[in-house]
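Thank you all for making time this morning. I would like to walk through one structure with you, beginning with a single residue and its surroundings and then widening the view.

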Amino acid sequence: MTRVSEVPAAHYAPPMADLGFRPFDADNHYYEATDAFTRHIDPAMAKRCMQWADVDGKRRLLVGGKINKFIPNPTFDPIARPGSLEDYFRGRNEDGVDMKSMFGDLDPIAEHPGYRERDARLALLDEQGMDGALLFPTLGVGMQEALARDVPALHAAFSAFNRWLDEDWGFDRGDGRLYAAPMITFADPERAAAEVRRVLDAGARILVAVPGPVPDGDGGYLSPGHPCFDPVWGPIAEAGVPLALHAGLSGVGHYGRFWRTGDAGGGGGFTAFRHAAFPLVAFQDRGISDTFAAIICHGVLDRFPALRLASIENGAMWVPDLLRNLRDARGKMPFAFGAHPVDQFVEHVWVAPYYEDDMAMLRDVLGVDRLLFGSDFPHTEGLPEPTAFVKDIPTFGPDETRKVMRDNVLALLG
């Protein structure tokens with residue numbers, strides 16, 4: 001939710017009347033049930049994890065005993081319409097309309113069963129002309145940082161969440177249409193490895209983690225490339241199941257603390273849909289770019305050459321700079337890399353650009369086989385109609401369009 005476009009409105013072409021195939025979305029979301037973190041939580045850990053409380057007449061989520069502000073309305077009731085912030089993220093907010101006004105009228109979530117119920121979502125996919133989708137959390141991607149100082153509680157919360165997820169949505173129900181990604185935190189390698197094995201045994205086809213350094217429980221962080229995390233990377237690589245790095249809260253938010261101006265809006269803190277200009281300009285891409293730099297430079301792909309990784313809802317305009325920096329580093333210190341780092345990125349990583357990114361440039365830099373269609377539906381910053389993504393790749397030929405809109409994500413899944 002920190003993206004901006006430099007692509008003019010004239011770039012967009014009319015939608016194709018008939019794609020000739022049904023797209024498969026690499027970035028769909030559900031809105032979590034209110035008991036997503038509590039239904040299966042170990043009672044002994046409940047107070048250290050997630051609880052609900054009524055505060056000043058409003059339903060609030062407590063995480064670790066504190067009111068959590070990652071999502072201002074964590075009940076998701078009422079909810080804004082999909083794509084209501086599209087003009088904002090395309091950089092077309094010349095009148096400076098505030099986000100609350102952009103949301104427009106809100107709907108009771110009961111009017112949209114497809115946001116919370118699997119069967120209703122399948123019917124919605126059919127209405128949208130979609131074949132299937134990968135499903136990712138909405139609230140969940142903000143929870144690692146909220147429990148970063150209580151690692152046992154963090155793992156307990158994620159394990160409980162994953163049990164709810166499989167129960168309500170299904171990691172893989174065998175119909176080839178919806179794959180819900182269980183959340184993984186690396187914070188305690190032993191617990192993480194056990195959870196990876198558990199969800200893989202339960203049929204998970206894709207896993208998800210937030211980018212950024214891994215919390216150590218004491219207020220510090222470690223690179224995900226540290227060898228201490230090899231017990232986590234190992235079973236992921238062995239299973240051949242991809243790990244998606246999906247945008248969310250992580251330690252990279254601390255970047256802003258070095259650039260404070262004293263005003264409340266100038267630092268690096270985050271509450272959804274409340275932005276300061278400096279973080280938007282200075283480090284919106286740091287989290288994902290630095291994560292892949294760490295994975296490559298710290299040898300994860302040398303040690304686990306079977307890994308398949310995806311960047312979801314992080315945009316892609318950071319890719320050219322990362323590849324340039326990797327190429328330069330290889331030229332200066334070839335002894336630091338087991339294989340060429342640019343080749344490693346292209347071989348192991350699939351990327352879902354924002355719809356406002358420069359798709360033609362990314363095709364030239366990364367190759368069409370590694371680009372994924374992701375609509376972010378039904379989020380406000382996503383597309384109101386997922387297949388409208390095709391309007392943003394008007395220079396792509398029919399074969400390239402099919403790869404981006406369908407074939408590449410199926411290749412990622414294997």
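Let me start with Y31, which, once its neighbours within four places in sequence are left aside, is in contact with F76, I79, I109, Y115, R116, T138, P378 and H379. Please keep in mind throughout that what you see is a predicted model. Y31 is located in the loop between β1 (24-29) and β2 (50-55), and with a relative accessibility of 4% it counts as buried, because the cut-off for that word is under 20%. To give a sense of distance, R149 stands 118 residues from Y31 in sequence, and the two C-alpha atoms are 26 Å apart in space.

One of the contacts of Y31 is P378, and this proline deserves a moment of its own, since the peptide bond that joins F377 and P378 is cis, with omega at about 5°. As background, most peptide bonds are trans, and most residues other than glycine have a negative phi. P378 lies in the loop between α13 (359-366) and α14 (398-413), and D376 is found in the loop between α13 and α14 as well. D376 is not a glycine, and yet it has a positive phi of about 65°; it is also buried, with a relative accessible area of 1%.

There is another cis peptide bond to point out, the one from D77 to P78, where omega is near 5°. P78 belongs to the loop between β4 (66-67) and α1 (86-89). And there is another positive phi to note, at E313, a residue other than glycine, where the value is near 55°. E313 sits in the loop between β11 (309-312) and α11, and at 7% relative accessibility it counts as buried.

Let me now move to another part of the chain, around A339 and Q344. A339 is in the loop between α11 (319-332) and α12 (341-348), while Q344 has its place in helix α12. Which residues does A339 touch, if we do not count those up to four places away in sequence? They are D302 and Q344. Q344, with its neighbours within four places set aside in the same manner, is in contact with I296, L301, D302 and A339, and D302 therefore appears in the contacts of A339 and of Q344. As for accessibility, A339 is partly exposed, with a relative accessible area of 33%, whereas Q344 is buried, at 5%. Two distances may help you to place these residues: the C-alpha atoms of A339 and G140, which are 199 residues apart along the chain, are separated by 35 Å, and those of Q344 and P279, 65 residues apart along the chain, are separated by 29 Å.

Next, a word on the cysteines. How many disulfides does a search of the whole structure find? It finds 0. C297, for instance, is in no disulfide, and the nearest cysteine sulfur, that of C228, is 17 Å away, while a disulfide would need the two sulfur atoms to be within 2.5 Å. In terms of accessibility, C297 counts as partly exposed, at 36%, whereas C49 is buried, with a relative accessible area of 1%.

Finally, let us step back to the chain as a whole. There are 14 helices and 12 strands in it, and its C-alpha atoms fill a box of roughly 55 × 55 × 50 Å along the principal axes. Why can we speak of agreement with a compact globule? For 414 residues such a globule would have a radius of gyration near 22 Å, and the chain has 20 Å, which agrees. Buried residues make up 54% of the 414 residues, and, of the contacts with a separation of 6 or more, 77% come from residues 24 or more positions apart.

At the surface, the chain exposes about 17,400 Å², and 51% of that area is supplied by carbon and sulfur atoms. On charge, the chain carries 41 positive and 59 negative side chains, and the centres of these two sets lie 4 Å apart.

If you take one picture away with you, I would suggest the buried Y31 in contact with P378, the proline that a cis peptide bond joins to F377. Thank you, and I am happy to go back to any of these places.

Terms used:
Residues numbered from 1 in each chain as written. Predicted model: local features only at pLDDT ≥ 70, side-chain atom pairs only at ≥ 80, totals over all residues. Heavy atoms only, no water. Helix = DSSP H or I, 4+ residues; strand = E, 2+ residues; numbered from the N terminus. Rg over C-alpha atoms; globule rule 2.2 N^0.38 Å. Buried < 20%, exposed > 50% of the residue type's maximum accessible area, 1.4 Å probe, protein only. Contact = heavy atoms within 4.5 Å. Areas by Shrake-Rupley, 256 points an atom, 1.4 Å probe, with all protein chains shown as cover. Lys, Arg positive; Asp, Glu negative; His and termini not counted. Charge placed at Lys NZ, Arg CZ, Asp CG, Glu CD.
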